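User: Hi! I'm new to this one and would like a quick tour. Could you show it to me?

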Amino acid sequence: MKHAAQRRLRSQLDPRHWPLLLTVPLTVAALVAGVATVTGQAVLSRMEADQGRHLAALGAAFLDGLATAAQPAAVRADVWEAFDALDRASGQYEALRPTLSVVVLPDGSVLASSNPRVLRTGAALPQSLSGQADRAIASGSPAIDERAGRAVVARVLLEGGVPVGRLVAEADIGALLAERDAVVRTLVLANMGIAALFAAAGALLVRRILLPTERLRQRLLEAAKGQRPEPLDAQAGSGPEHLALVNAWNGAVAAIAERDLMAARLAREEGRAQLGRLTAAMAHEVNNPLGGLMTAVDTLSEYGDRREIREEAVGLLRRGLDDIRKVVRAGLSSWKTGPGEAPLAAQDFEDLRLLIRHEVSRRGLTLDWRNDLPDGVRVDRTLARQIALNLLLNAAAASPPKGVLGFRAQGLSQGGAVIEVSDVGTGLPADAESLLADPDGLPPSGGGLGLWTAARLARSHGGRITREPTPLGTRLVAELPVPSHAKEAADAR
Amino acid sequence: MAPACPAGRRAVLAAVALAGPRRARATSLTPVRFGLTPVFLESDLALLRALSSHMAAALGTPVELVKRRTYQEVVGLLLAGQLDAAWICGFPYVRHADKLSVLAVPVHRGHPLYQSYLIADPSLRARSLADLRGRSHAFSDPDSNSGCLTTRWLLAGRDLSPATFFGTNFFAYGHRNVIRAVSSGLAESGSVDGYVWETMAETEPGLTSTTDVVARSAWQGFPPICCLTASRQGAAARGIEAALLAMADSPAGTEILRALRLDGFMPESPGLYDGIRAMSQDLESRA
């Protein structure tokens, strides 16, 4: 139970099993998100490059201006002049947002910084700042530390080609990074919105496109449940493919309806034919004793006063009438009892023997009858009798004169019954055999209606009819299991 | 305390001042060159322009205000005769007293006197010069009395020098710069003109509020306006003298004086710079 639930869950989670109504919008959303990600990345890369160039230009302008004032101070190691230059520059480059600028002497010590409380004169330049300054000088562009939100620009101060110090400035690029983050957020939100919009539009579109298919699916499901197939509105299609599908379905519905009509007509005709045969059989069975009965009546009317003759005539009358009663009773049992009302018993098949006696004798057949069916088999007795009767009449018709018609009936070990009917005819035609494999197909056009009816009855009962190999003629075996509802009811008891 | 300017003499000087431009205009249009040093807030360009205009109007000739980075440069120009007069510090005046004459002395809060301030970063909680040992120190100018001489003299009295007492020291070449240096943390302490510090406390309290005045020196002669003694009787020198001494008599002059936080100008009183001279001589004798 647990494993089945897990399998069901895995199946539901498998995208290959998702409905189109879900997979198509998701695919659209994924594609849109992918395209948006690629374009967004391109935008961000371009923006980052622009910001880098902008920052480099600002940094170069800042260093140009500052170097002019700071270089003489560096040459003279003039603390105040260096500080004055840095201090004045701090407030004049708002675009760069310098947070700290430093004049560093060749020995690595700070001559002056714009914020002496952070970096005092004479102190060594912090390792991190020194490393970033080295990178900035080597690359000729700002060294950017995004995590700290700062960029470092630096330049070597040269006097006559001789290094007299370095100018190092740290700028707050938080605003640039915030701008980039804002762009990223905007892109992500916009992309998500667009993807969601496209997904919703895709869902609506697919829903609209698949509506005829969905209706067709519903019709198929209804048909699978046994309901009568209903045609679809051909105008509901949204394209030639759907129109073709709807037309195909409607064609199938019409064909099914036509087949059902034909089947019903054929069944009626078969019923009439069987009725005719049975009527003839019954008339024959009734007629047979009638001659004797009439003779007995004549004898009674003429010699009724003689005791031995009267008793003999009355006995003949009793036996004749008894035969007639049996025949009538067998007919009633076959055609008046409602389906599924009573369990099957051996006597039910014994009645059939009487019904086919006329057909057997008319053809001069030998009936090999063996009825080992136990009583109380939980199989619909009416259906079982109709199946057996159809098979027997079919086999009798297929048998050559003087042939042997075999009948076997026995119970199944799991409940149910097995009926075996054999003849010594020319064998089962191919089209008749195909009926056994597909009893839901169209009825045969050239005869074999009894076999088709028997196969359909067996299938409706949950059983089947198969042809068993035999050296001569045909041997058909009908397996009639106990229906599940009967089994459950029995189990419940 | 310095003597106040006698009313009668002021009137005479004013008359000279008034007469001066007419005479100067008649004789020559050669600009009068007036040297300035950071003994006051010479960074206020609007004030300088007003001062120039006022003097030009008083003298009847164009006035060229000459600024240099150091006292030495301005004094050098004055001694070389390239300036008609200059507002210099008392220290270079006493060093060159044999060649220079005082034309006028500013009057601040009623007296021609000022003090030297030792200022420091408030976080040091310094209460005296001794508390500044080992700290970085900003001097104003090597030739400044309040911005260098006084502190050097105090240290010399303890057989110390700036190099041995302070951790590091440098010159900021301007009293305002010294205050900026200490306020920003570039220097932990500084020697500064008390008049400049008090004036900035009114005009730029953001700078002075981040400095503590650790010590104030004795009262000393206010930085004077000097000329070459050889030119003392020249028209330019006399005109400048008259214009300065009469500045308080005109609305424009009063406005300038208010901006300078000065009451006016007065002639030199005897012995005004004796204190500075004594410190200078003491240091020279120790050298």
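Analyst: Happy to. One term before the hairpin: helices and strands here are DSSP runs, with a strand needing at least two residues, and they are numbered from the N terminus. Also, this is a predicted model.

User: Thanks! Which residue takes a positive phi in the hairpin of S9(A) and S10(A)?

Analyst: That is A:Gly473, with a phi near 70°. The hairpin has five residues between its strands.

User: And in what sense do those two strands pair?

Analyst: Antiparallel, over five bridges: S9 of chain A covers residues 464–468 and S10 of chain A covers residues 474–480. Across the pair, A:Arg464 stands opposite A:Glu479.

User: What does the secondary structure of chain A come to?

Analyst: Chain A has 13 helices and ten strands. Of its 493 residues, 30% count as buried.

User: Switching topic: how many residues of chain A are in contact with chain B?

Analyst: Ten, and they meet eleven residues of chain B. Helix H3 of chain A, residues 79–90, gives the most to that side, with five residues. By type, the chain A side divides into five nonpolar, two polar and three charged residues.

User: Cool. Which residues touch the most other members in the largest nonpolar core?

Analyst: A:Ala82, A:Val103 and B:Cys226 do, in a core of 126 residues. Leaving aside neighbours within four places in sequence, the contacts of B:Cys226 include B:Leu78, B:Tyr93 and B:Leu103. Another core, of 41 residues, lies apart from the largest one, and A:Leu391 and A:Val482 are among its members.

Terms used:
Residues are numbered from 1 along each chain as its sequence is written. Chains are lettered from A and ligands numbered from 1 in the order in which they are written. This is a predicted model: local features need pLDDT of at least 70, side-chain atom pairs count only at pLDDT 80 or more; totals for chains, interfaces and linings use all residues. A nonpolar core is a set of buried Ala, Val, Leu, Ile, Met, Phe, Trp, Tyr and Cys residues joined through C-beta atoms within 7 Å. A residue is buried if 20 or more other C-beta atoms lie within 10 Å of its own, exposed if 12 or fewer, and partly exposed in between; C-beta atoms are placed from the backbone. Two residues are in contact if their C-beta atoms, placed from the backbone, lie within 7 Å. Two strands pair if DSSP finds at least two bridges between them. Helices (H or I, at least four residues) and strands (E, at least two) are DSSP runs, numbered from the N terminus. Ala, Val, Leu, Ile, Met, Phe, Trp, Tyr, Cys and Pro count as nonpolar, Asp, Glu, Lys and Arg as charged, and the others, Gly among them, as polar.
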